[in-house]
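Please walk me through this model in a viewer, one selection at a time. I would like to know what to select next and what is there.

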Amino acid sequence: METREKKKTKKKFNIARTLVFVLIIYIIVCLGIRIYKEPIRHFDIKGNKVLSDIEIIRELGLNEYPSFAAVSPKKLSKELEKNPYVKSAKINYKWNFVLEIEIEENRPMFLVKLEDKVALSDGSLIDIYDDNLIGIPTLLNTTPDEIMKTLAKSLGGLDDGILYMINDIEYKPSYNSQNQVIDEYRFLLSMNDKNMVYINAKRLKSLNKYLDIIATNKITSNGTLYLDGTEENYFFKKYEPTTEEPTTEKSEQ
């Protein structure tokens with residue numbers, strides 16, 4: 001019986017196809033190396049007021065513009081959050097070798113004179129470790145810790161323009177005739193326009209209306225504005241050094 005042998009055909013070595021494959025691999029490798037070595041081209045920094053862009057970049061060790069692919073956003077975020085002025089940080093890669101840095105600051109609210117510390121917007125206290133604390137007020141006297149924390153958090157809710165108008169803060173709780181505390185959250189603020197303001201730390205947002213109150217009531221003389229009651233029941237007493245009782249320029253609105 002005649003048997004048929006299957007002919008085994010040998011595949012010819014395709015030089016052109018192999019060269020194309022090698023070339024593609026070469027291009028991919030070169031492109032990968034190029035991308036890995038490509039430095040950060042730009043920093044998109046958001047949310048910072050206290051810390052400058054250059055301070056943030058230097059603190060992260062990125063001032064030499066290292067390789068874009070070599071940095072770890074997660075590690076950089078944790079590193080930045082070690083700064084007491086940073087509450088949270090989020091760092092992401094963006095197109096065109098841009099590194100986005102978005103932070104929520106723990107802003108310094110006031111200096112605590114007797115303790116040589118700084119109160120931050122989350123209510124915590126830290127030692128003064130830099131000399132760049134410009135434009136924040138000073139708490140002059142002893143204040144209970146919890147009340148000081150409330151004050152710091154409330155100041156964080158003020159408009160920047162109003163916050164920068166405060167020079168000094170003094171803890172001034174009010175008392176009744178039996179020497180019992182009526183308002184333990186009461187403070188006296190010294191403003192840079194030479195007016196004084198009594199206010200409750202829990203209702204500090206009413207201070208955002210300060211300039212409106214001055215303008216609406218055409219207050220031109222210096223005195224004391226009482227905002228420690230309700231927002232609708234403020235009044236202003238101008239300074240009268242020649243009399244025992246200051247005269248009332250504006251009462252209840």
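The tour below starts with the whole chain and then goes through a sheet, a helix, the cores, two loops and a low-confidence stretch.

**Whole chain**

Start with everything displayed, and keep in mind that this is a predicted model. The protein chain has six helices and 15 strands. Of its 253 residues, 37% count as buried. Contacts between residues 24 or more positions apart make up 50% of those with a separation of 6 or more. Now colour by pLDDT: the chain average is 86, and 87% of the residues score at least 70.

**The three-stranded sheet**

Select residues 42-46 and 86-94, which are strand 1 and strand 2, the edge strands of an open sheet; each of them pairs on one side only. Add strand 3, residues 98-105. The order across the sheet is 1-3-2, with mixed pairing, and from one strand to the next the twist averages 20°.

Zoom in on strand 2 and strand 3. Eight bridges join these two strands, in the antiparallel sense. For a point of reference, show Ala89, which has Ile103 of strand 3 opposite.

Next pick Glu104, also in strand 3. Which residues does Glu104 contact, leaving aside its neighbours within four places in sequence? They are Val86, Lys87 and Ser88. A distance label between the C-alpha atoms of Glu104 and Val86 should read 6.1 Å, although 18 residues separate the two along the chain. Glu104 is partly exposed, with a relative accessible area of 41%.

Then show residues 73-80. This is helix 3, which lies across strand 2 and strand 3 and runs at about 160° to strand 2.

**Helix 4**

Select residues 145-155, which form helix 4, and display side chains. Its buried residues are Ile147, Met148, Leu151, Ala152, Ser154 and Leu155. Turn the view to look down the helix axis: the buried residues fall within an arc of 165°, so they line one face of helix 4. An α-helix has 3.6 residues a turn, so residues three or four places apart point the same way. On the face turned away from the buried side are Asp145 and Glu146, both exposed.

**The two cores**

Stay with Leu155 and show what surrounds this residue. Apart from neighbours within four places in sequence, Leu155 is in contact with Met109, Phe110, Leu163, Ile166, Ile169 and Leu204. Leu155 is also one of the residues with the most contacts inside the largest nonpolar core, along with Phe110 and Leu207; this core has 34 residues. Elements that each supply at least two residues of the core include strand 4 (108-112), helix 5 (160-163), strand 12 (196-200) and helix 6. The largest share, five residues, comes from helix 4.

For the second core, which is separate and has 25 residues, select Ile45, Leu51, Val118 and Leu120, which are among its members. In soluble globular proteins, nonpolar side chains tend to be buried together.

**Strand 8 and its partners**

Select residues 166-171, which are strand 8 and a contributor to the largest core. Two partners are worth displaying. Strand 7, residues 138-139, runs parallel to strand 8 and is joined to it by two bridges; here Thr138 stands opposite Asp168. Strand 11 pairs with strand 8 in the antiparallel sense, over five bridges. In that pairing, Ile166 has Met191 opposite.

**Two loop residues with positive phi**

Most residues other than glycine have a negative phi. Go to Tyr65, where phi is positive at about 50° even though the residue is not a glycine. Tyr65 is in the loop between helix 2 (53-59) and helix 3.

Move on to Lys218, in the loop between helix 6 (210-216) and strand 13 (223-227). The phi of Lys218 is also positive, near 50°.

Are these residues buried, partly exposed or exposed? Tyr65 is partly exposed, with a relative accessible area of 39%. Lys218 counts as exposed, at 69% relative accessibility.

**Last stop**

Finish with residues 243-253, where the pLDDT is below 50. The model gives this stretch 28 contacts beyond near neighbours in sequence. Where pLDDT is low, the predicted coordinates should not be read in detail.

Conventions: Residues are numbered from 1 along each chain as its sequence is written. This is a predicted model: local features need pLDDT of at least 70, side-chain atom pairs count only at pLDDT 80 or more; totals for chains, interfaces and linings use all residues. Side-chain values use heavy atoms; hydrogens and water are left out. Two strands pair if DSSP finds at least two bridges between them. Helices (H or I, at least four residues) and strands (E, at least two) are DSSP runs, numbered from the N terminus. Axes are lines fitted to C-alpha atoms, for helices over the stretch in contact, and angles run from 0 to 180 degrees between N-to-C directions. Contact means heavy atoms within 4.5 Å. Buried means under 20% relative accessible area, exposed over 50%, partly exposed in between (1.4 Å probe, protein chains only). The arc is that of the directions from the helix axis to the C-beta atoms. A nonpolar core is a set of buried Ala, Val, Leu, Ile, Met, Phe, Trp, Tyr and Cys residues joined through side-chain atoms within 4.5 Å. pLDDT is the predictor's confidence in each residue, from 0 to 100.
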